[in-house]
Each structure stands twice: as structure tokens, then as C-alpha cells.
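Subject: Structure handover and notes

Dear colleague,

I am passing on the structure we spoke about, together with my notes on it. Please open it alongside this message, so that you can follow the residues as they come up.

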Amino acid sequence: MGIPLFDTPEQLREVRADVERAIARVLDSGQFILGPEVEAFEREFAEYLGVEHVVGVANGTDAITIALKALGVGPGDDVVVPSFTFYASAEAIPHIGARPGFCDVDPETFCVTADTVEQALTPATRAVIAVDLFGRVAPIDSLRERLAGRAVAIVEDAAQAAGARRGGHRAGSLGDAGTFSFFPSKNLFCLGDGGAIATNDPAVAEQARILRFHGSRDKSSFEAVGWNSRLDALQAAALRVTLSHLDGWNERRRELAAAYAEAGIGDVVSLPQTVEGEEPAHHLFVTRAEDPDELAARLAGAGIAARSYYRVPVHRQPAMAEWPPAVELPVTEQAAVTNLALPMGPTLGHETATAVANALRSGR
């Protein structure tokens with residue numbers, strides 16, 4: 001494709017020299033599992049997010065599972081999760097013996113709301129996973145108000161929203177725990193798999209550190225059945241570099257989003273609308289259309305990548321058949337068949353918006 005959906009290789013070229021120096025630093029140190037490089041990234045990312053603790057783990061899925069476990073969720077508990085999300089958001093729940101309870105999303109932001117979550121609550125609900133989908137931040141303040149008086153924790157799945165803000169607060173800092181994936185396509189990325197848990201609760205952070213290391217504090221005494229889920233030093237070193245560029249990259253993403261609107265593609269597709277107090281990270285630029293497949297084919301003919309996401313929502317995946325939703329999910333069903341992601345990334349400029357607009361109009 002002449003214009004890719006993601007541009008991670010181009011981003012990496014911008015910082016390659018710094019990443020190579022960081023890797024050399026780790027190689028010279030001989031410390032590859034946890035250690036000072038991971039500790040430095042955890043401190044720097046915690047400061048960036050405005051939280052007290054960050055715990056690096058092996059990937060974003062483990063981050064959700066370990067966060068839930070550290071918050072006391074376990075067998076017999078229900079966890080509310082949107083169905084219009086990546087499978088991992090729900091996949092993490094059965095690993096601790098809990099049950100996913102699927103909820104609907106807002107038609108404008110594709111994020112959960114206090115209303116959609118409340119409809120899916122049960123007497124056994126002990127946590128809600130609020131996904132910051134496509135770089136938008138879920139309305140966690142209003143969700144917390146609705147949950148007041150209930151013993152229900154909030155896990156903010158911020159895997160797609162590193163650097164975004166809502167109400168002046170960074171994505172991942174709004175829940176009882178926030179979770180991140182640093183998969184190479186993410187806004188904040190490393191060179192493979194990596195993840196993190198952010199929290200202001202020292203007890204949750206301590207449990208997360210124990211659980212990521214086989215349930216042990218010292219490799220001699222094992223007080224819990226945990227995971228082998230540690231962030232590698234090489235990945236932490238790369239993350240320290242990409243973190244320093246994150247805000248600039250996200251600003252360029254927002255500039256491309258504005259350029260799309262200025263190019264007039266809103267005449268062909270429905271554009272994402274920013275809500276008051278929100279500063280999205282635009283991990284993906286997801287539009288809506290009556291026939292997204294036809295538009296994707298039109299774009300492909302012009303050498304432009306585009307694709308629809310989550311065509312089969314999580315609650316319809318074969319592995320989730322055991323936990324059918326107890327409520328109707330009309331927005332999820334509609335979003336699954338009408339969404340279309342257009343190229344988005346910090347190395348794609350105004351010329352991308354112009355090319356996309358021209359291609360979208362070409363069949364009209």
C-alpha cells in the first residue's frame with residue numbers, strides 16, 4: 001500500500017539511533033530481566049501519568065489479568081466489560097476464575113458509559129473494565145459516581161490511549177488500576193510485547209509485583225500462584241526512548257485528524273467527534289459508514305490501507321459462548337458492521353488526508 005494504516009516503521013526510523021544506544025546500554029549492563037532499566041521506565045512512566053506506581057509486565061493482556069487479581073477479583077465474581085473491543089479485554093477475565101459480563105458502548109465514542117455499565121451489573125459484579133477504545137478516554141469519573149457505594153473496582157484498559165487526556169488526567173490514571181500494552185502498533189510502543197499496570201494504591205502495586213514474579217517477593221518464598229510476566233530490560237530501554245516522543249507524536253495524530261475534517265471526508269463518512277474536556281490520542285481514526293467494505297475497496301484501489309475492526313464482537317466469539325450477555329447490545333452490533341479505520345500515525349501528514357478524501361469521493 002502507498003499509504004499504510006499504521007506507520008510504526010517510519011516512527012522507529014525517527015528514533016532508531018536513540019533506541020540503538022539504549023539497547024547497547026542494556027547489553028553492556030548484562031541485566032536483561034527487570035533491573036535498573038525497568039525500574040527507571042516505571043518511575044518515568046509513573047511521573048508522566050501522574051500516578052504513584054507503575055509495574056511493568058510482559059504484555060497488555062497479563063496487565064489486565066494481574067490488575068484484576070491484585071484488586072481481589074477471583075472465582076465466582078463477575079466483571080463487566082464491553083463487547084466492542086479487542087478480545088484480550090475479556091480474555092483476561094476467565095484466567096482468574098471470574099465471569100465476563102458484556103455491556104454496550106456509546107455510539108459516538110465507542111466507550112462504555114455509566115448507563116451501559118449499570119445495565120450489565122449483577123450482585124456478583126466486583127470490577128468493571130473500562131476500555132479507552134481507539135485512543136478515546138472512557139468517562140470514568142461519571143462511572144465512578146454511578147458505582148459509589150458498591151464494592152466494584154474500575155480497571156481502565158488504556159492499551160490504545162497512551163498519552164490521551166480527559167478532564168486534565170492522563171489515560172490509565174483514572175481507574176483503581178490502569179493497564180497498558182506496548183505492542184509495536186500502539187502509540188507508546190516497544191520492539192515486541194510489553195505491558196504495564198498503573199495505580200495509586202500501594203497495596204495493588206505490591207500485589208502486582210508479586211504476581212508478575214511467580215507469586216514471590218524474593219524467589220525463595222512463594223505466597224501466591226502468580227505468573228511469569230516481567231517486562232524485559234531491552235523493552236524498557238526502548239520504551240524510555242519512545243515515551244520521550246509520545247506527546248509530540250500524539251499531537252501530530254491530532255493534526256491529521258483535523259486535516260481529515262478539513263479535507264471534507266465528513267461528506268462521505270461519519271467522523272469521530274471529540275467530547276468536551278477530551279484530548280484523544282487517535283490510536284486509530286475510526287469512522288462510520290453504511291457500506292465500509294465498499295469504501296475500503298475504493299481506498300485499496302488507490303493504494304490506501306483501511307480496515308474495519310471487531311466485526312465479530314467479543315460476546316460472539318466461540319470461546320465466550322459460555323458467558324452470553326444478559327442485556328441487548330444494539331450499539332455494539334451496529335458498530336461492528338459500520339466502522340472503518342482510516343490511515344493514522346504521526347508520520348502521515350496533510351497529503352494523506354487529501355489522498356484519502358480524493359479516493360473516498362472517486363466512486364461518488
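The notes below go through the pocket, some strands, one helix and a few single residues.

Please keep in mind that this is a predicted model, and that the values quoted here were computed from it.

I begin with the pocket. The largest pocket has a volume of about 470 Å³, and of the 28 residues that line it, those closest to its centre are Phe-86, Ala-159, Gln-160, Ser-181 and Lys-186. The elements that contribute two or more residues to this lining are α3 (60–70), α4 (88–91) and β8 (177–181). Sorted by class, the lining holds 13 nonpolar, eleven polar and four charged residues.

Asn-187 deserves a paragraph of its own. This residue sits in the loop between β8 and β9, and it counts as buried because its relative accessibility is 2%, where the cut-off for buried is under 20%. The side chain of Asn-187 makes two polar contacts that you may wish to look at: it reaches the backbone oxygen of Ala-281 at 3.0 Å, and it is joined to the side chain of His-283 by a polar contact of 3.1 Å. If neighbours within four places in sequence are left aside, the residues in contact with Asn-187 include Gln-160, Ala-162, Leu-246, Trp-249, Asn-250 and Arg-253, as well as His-282. Gln-160 is also one of the residues closest to the centre of the largest pocket.

Next comes helix α7, which covers residues 202–212. Its N-terminal end is capped by Asp-201, a side-chain oxygen of which lies 2.9 Å from the backbone nitrogen of Ala-203. The buried residues of the helix are Val-204, Ala-205, Ala-208, Ile-210, Leu-211 and Arg-212, and these pack against α2, β1 (53–57), α3 and β9 (195–199). After α7 comes His-214, which has a positive phi, near 60°.

Two sets of paired strands are also worth following on the screen. In one, strand β2 (residues 78–82) pairs with β3 in the parallel sense over five bridges, with Arg-99 in β3 as the bridge partner of Asp-78. Strand β3, residues 99–103, is mostly covered, since four of its five residues are buried. The other is an open sheet of three strands in the order β7-β6-β10, with antiparallel pairing; its edge strands are β7 (169–170) and β10 (278–279), each of which pairs on one side only. Within that sheet, β6 (residues 165–166) and β10 pair over two bridges, and Glu-279 in β10 is the bridge partner of Arg-165.

Lastly, which backbone angle is positive in Leu-34, although it is not a glycine? It is phi, at about 55°. Leu-34 is found in the loop between α1 (8–29) and α2 (36–49), and at 16% relative accessibility it counts as buried, because the cut-off is under 20%. Tyr-310, again not a glycine, likewise has a positive phi of about 55°. Tyr-310 is placed in the loop between α10 (292–301) and α11 (330–338), and with a relative accessible area of 14% it is buried.

With best wishes

Key
Residues are numbered from 1 along each chain as its sequence is written. This is a predicted model: local features need pLDDT of at least 70, side-chain atom pairs count only at pLDDT 80 or more; totals for chains, interfaces and linings use all residues. Side-chain values use heavy atoms; hydrogens and water are left out. Buried means under 20% relative accessible area, exposed over 50%, partly exposed in between (1.4 Å probe, protein chains only). Two strands pair if DSSP finds at least two bridges between them. On a 1 Å grid over the protein atoms alone, a cavity is a set of points where a 1.4 Å probe fits but cannot get out, and a pocket is an open set with protein on both sides within 12 Å along at least five of seven lines; lining residues have an atom within 4 Å of a point. Grid points are joined across faces, edges and corners, and a volume is the space filled by probe spheres set on the points. Ala, Val, Leu, Ile, Met, Phe, Trp, Tyr, Cys and Pro count as nonpolar, Asp, Glu, Lys and Arg as charged, and the others, Gly among them, as polar. Contact means heavy atoms within 4.5 Å. A polar contact is a pair of N or O atoms within 3.5 Å; within protein, one must be able to donate a hydrogen and the other to accept it, and residues adjacent in sequence count only if both atoms are side-chain atoms.
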